[in-house]
Amino acid sequence: MFIMFGWVKERKEVGQALTCHCYRCQCTRMWEHWKETEWVSFFTIKTIPFLSKSYLVCSACREPVAVDSARSRFIGSVANEQRLAAFLDEHQLALKTPVQRSYLLAQREQDQRCE
């Protein structure tokens, strides 16, 4: 008897999430909500969803930020948009030194819009 199984990753855009500053682009951009699902496949047919991950992705530079399941419930909610924006800011600045942080924040204040 021959059984063929494997893993398939599927990524798709769920929709627009929020407008927030991207420190990689140095502009305020629309961030998109993407969902990645890992499936168990039998005979190349997706059968069982195994893992599911959510991401916020900058619409310009495509910088992905992984979002845990608790925060992914807030995506699309206008009431929680500020919490998501604060999470994105903190995540993007997490690995920066204090000097880099102050420079990026000063650049953000100086360049409020992008052409």
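## Exercises on a predicted model

Let's start with one glycine. Setting aside neighbours within four places in sequence, G15 touches E32 and H33. Keep in mind that you're looking at a predicted model.

**Exercise 1.** Work out where G15 sits and which strand lies alongside that part of the chain.

*Solution.*
- Step 1: Find the element. G15 belongs to strand β1.
- Step 2: Look at the partner strand. β1 is joined to β2 (residues 27–42) by 16 bridges, and the two run antiparallel.
- Step 3: Check a residue beside the glycine. Q16 has E32 of β2 as its bridge partner.
- Step 4: Now look further along the sequence. G76 is 61 residues away from G15, yet their C-alpha atoms are 8.5 Å apart in space.

**Exercise 2.** Trace the pairing of β1 with β2, and say which residue in the turn has a positive phi.

*Solution.*
- Step 1: Follow the bridge partners. V8 is matched with W39 of β2, and E10 is matched with T37 of β2.
- Step 2: Go to the turn. Four residues separate β1 from β2 in this hairpin.
- Step 3: Pick out the residue. Q26 in that turn has a positive phi of about 65 degrees.

**Exercise 3.** Do the job again for β2 and β3: how many bridges pair them, and how many residues lie between them?

*Solution.*
- Step 1: Count the bridges. There are 12 of them, and the pairing of β2 and β3 is antiparallel.
- Step 2: Find a facing pair. W34 stands opposite Y55, which is in β3.
- Step 3: Inspect the link. This hairpin has two residues between β2 and β3, and F43 in the turn has a positive phi of about 55 degrees.

**Exercise 4.** Put the sheet together: what is the order of the strands, and which strands are at the edges?

*Solution.*
- Step 1: Write down the order. The four strands go β1-β2-β3-β4 in an open sheet with antiparallel pairing.
- Step 2: Spot the edges. β1 (5–22) and β4 (64–67) each pair on one side only, which makes them the edge strands.
- Step 3: Look at the twist. On average, neighbouring strands of this sheet are turned by 30 degrees against each other, direction ignored.
- Step 4: Add the helix. α2 (residues 81–93) lies across β1, β2, β3 (45–58) and β4, at about 105 degrees to β1.

**Exercise 5.** Describe how α2 meets α3: what is the crossing angle, and which residues make the contact?

*Solution.*
- Step 1: Take the axes. Those of α2 and α3 (residues 98–110) come within 11 Å and cross at roughly 135 degrees.
- Step 2: Name the arrangement. At that angle, α2 is oblique to α3.
- Step 3: Give the hand. α2 and α3 cross in a right-handed way.
- Step 4: List the contact. D89, E90 and L93 come from α2, while R101, L104, L105 and R108 come from α3.
- Step 5: Sort by class. The contact of α2 with α3 has three nonpolar, no polar and four charged residues.

**Exercise 6.** Say which elements have the lowest and the highest mean pLDDT.

*Solution.*
- Step 1: Begin with the whole chain. Its average pLDDT is 87, and 97% of the residues score at least 70.
- Step 2: Compare the elements. Helix α1 (residues 69–72) has the lowest mean, 84, and β4 the highest, 92.

Technical notes: Residues are numbered from 1 along each chain as its sequence is written. This is a predicted model: local features need pLDDT of at least 70, side-chain atom pairs count only at pLDDT 80 or more; totals for chains, interfaces and linings use all residues. Side-chain values use heavy atoms; hydrogens and water are left out. Two strands pair if DSSP finds at least two bridges between them. Axes are lines fitted to C-alpha atoms, for helices over the stretch in contact, and angles run from 0 to 180 degrees between N-to-C directions. Contact means heavy atoms within 4.5 Å. Angles under 35 degrees count as roughly parallel, over 145 as roughly antiparallel, 65 to 115 as roughly perpendicular and the rest as oblique. A crossing is left-handed if the near helix is turned anticlockwise from the far one by less than a right angle, and right-handed if clockwise. Ala, Val, Leu, Ile, Met, Phe, Trp, Tyr, Cys and Pro count as nonpolar, Asp, Glu, Lys and Arg as charged, and the others, Gly among them, as polar. pLDDT is the predictor's confidence in each residue, from 0 to 100.
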